[in-house]
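Here's a quick tour for anyone meeting this structure for the first time. Have a look at the sequence and the model, then read on.

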Amino acid sequence: MSELLFSTAFSLWGFETSWLELAAVLLSLGMVLCTITENHWGWPLAALSSALYFILFWSQRLYGDAWLQVLFAALAMWGWSVWLRGVNGVSLPITRMTPRSRWQMLFLAGLLWLLTGLTLLNLTDTDVPWWDGFPTAVSLIGQYLLARKHLENWAVWIIVNSVAAGLFAWKELWLTALLYLIFIGLSVVGWRHWASRMNINCL
């Protein structure tokens with residue numbers, strides 16, 4: 001089974017893309033499109049893509065991002081239940097964070113990055129502990145904000161996806177790097193779509 005997953009699906013500009021990476025990319029795209037339209041089926045797609053990306057990232061010694069996928073899968077199940085359950089039987093509304101909660105999340109993101117980077121630096125053989133640690137740590141913030149339907153989750157994903165695209169390009173995971181560049185654009189679309197549903201300025 002592992003031979004099939006890591007076998008070449010196609011070559012792009014001389015770089016090979018495995019069936020594993022291709023499947024993970026397609027599931028991730030479906031997940032983001034569902035999220036933009038507030039479709040709860042995006043959450044199980046997120047869990048499935050996370051399972052595949054765990055295998056892929058581990059093979060590339062991106063241990064932070066690999067373990068992040070385990071947390072993503074767990075958070076996806078929680079987010080799915082939150083979106084399905086809503087609040088008092090009513091669909092969970094899109095909201096904005098208070099200035100205080102934004103600063104709290106910013107502080108928490110910095111703390112998580114520090115702890116993640118130090119852990120990867122001292123306990124693994126990764127060659128990019130801090131670059132691997134940043135999307136790992138900050139993605140947890142984004143996933144929590146997404147589950148709670150806070151508009152600011154899209155801003156977090158723009159930052160995370162920008163860093164992650166560079167990281168995956170460095171690791172020559174070109175299809176995944178391209179996916180994260182697409183994610184940046186989709187995050188802008190998501191921000192504007194959610195903001196329009198709240199009837200507020202998109203900026």
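Before we start, a word on vocabulary: a residue counts as buried under 20% relative accessible area, as exposed over 50%, and as partly exposed in between. By that yardstick Trp67, at 49% relative accessibility, is partly exposed. Keep in mind that this is a predicted model.

**The overall layout**

- The protein is built from eight helices and two strands.
- Going along the sequence, the order of elements is α-β-β-α-α-α-α-α-α-α.
- Of the 203 residues in the protein, 46% are buried.
- If you take contacts between residues at least 6 apart in sequence, 67% of them join residues at least 24 apart.
- The protein exposes about 10500 Å², with carbon and sulfur atoms supplying 70% of that area.

**Salt bridges across the chain**

- How many salt bridges turn up in a search of the whole structure? There are six.
- One of them pairs Lys149 with Glu38, with the closest N and O atoms 2.8 Å apart. This pair links distant parts of the chain, 111 residues apart: Lys149 is in the loop between α6 (129–147) and α7 (153–170), while Glu38 is in the loop between α2 (19–36) and α3 (42–59).
- Are the two partners buried or exposed? Lys149 is buried at 3% relative accessibility, and Glu38 is buried too, with a relative accessible area of 18%.
- Arg96 and Glu152 form another salt bridge, and here the closest N and O atoms are 3.6 Å apart. Again the pair links distant parts of the chain, with Arg96 in the loop between α4 (63–85) and α5 (99–123), Glu152 in the loop between α6 and α7, and the two positions 56 residues apart.
- Arg96 is partly exposed, with a relative accessible area of 35%, whereas Glu152 is buried at 8%.
- Asp127 forms a salt bridge with Lys171, the closest N and O atoms being 2.8 Å apart. Those two are 44 residues apart: Asp127 belongs to the loop between α5 and α6, and Lys171 to the loop between α7 and α8 (174–198).
- Asp127 is partly exposed, with a relative accessible area of 42%, but its partner Lys171 is buried, with 13%.
- Some salt bridges share partners, and that joins Glu38, Lys149 and Arg197 into one network.

**Lys149, a residue to look up**

- You've already met Lys149 as a salt-bridge partner of Glu38.
- Which ring does the charged end of Lys149 sit over? That would be the ring of Trp83, with the charged end 4.6 Å from the ring's centre.
- Lys149 also has a positive phi of about 60°, although it is not a glycine.

**Another positive phi**

- Glu172 has a positive phi of about 60° as well, and it isn't a glycine either.
- You'll find Glu172 in the loop between α7 and α8.
- Glu172 counts as partly exposed, because its relative accessibility is 46% and the partly exposed class runs between the 20% and 50% cut-offs.

**Aromatic rings**

- A search of the whole structure gives 15 aromatic pairs.
- One of these is the edge-to-face pair of Phe54 and Trp67, at 5.5 Å centre to centre with 65° between the planes. Phe54 lies in helix α3 and Trp67 in helix α4, so the pair ties together parts that are 13 residues apart in sequence.
- Phe54 is partly exposed, with a relative accessible area of 25%, and Trp67 is partly exposed at 49%.
- Why is the pair of Trp58 and Tyr63 edge-to-face? Their ring centres are 4.8 Å apart and their planes are at 70°, and planes over 60 degrees apart count as edge-to-face.
- Trp58 is partly exposed, with a relative accessible area of 39%, whereas Tyr63 is buried at 12% relative accessibility.
- There's also a bigger grouping to find in the model: Tyr53, Phe57, Phe168, Tyr180 and Phe183 form one aromatic cluster.

Note on methods:
Residues are numbered from 1 along each chain as its sequence is written. This is a predicted model: local features need pLDDT of at least 70, side-chain atom pairs count only at pLDDT 80 or more; totals for chains, interfaces and linings use all residues. Side-chain values use heavy atoms; hydrogens and water are left out. Helices (H or I, at least four residues) and strands (E, at least two) are DSSP runs, numbered from the N terminus. Buried means under 20% relative accessible area, exposed over 50%, partly exposed in between (1.4 Å probe, protein chains only). Contact means heavy atoms within 4.5 Å. Accessible areas come from the Shrake-Rupley method with a 1.4 Å probe; for residues, only the protein chains shown count as cover. A salt bridge is a side-chain nitrogen of Lys or Arg within 4 Å of a carboxyl oxygen of Asp or Glu. Rings of Phe, Tyr and Trp (its six-membered ring) pair if their centres lie within 6.5 Å; planes under 30 degrees apart count as stacked, over 60 as edge-to-face and the rest as tilted. A charge sits over a ring if NZ of Lys or CZ of Arg is within 6 Å of the ring centre and within 35 degrees of the ring normal.
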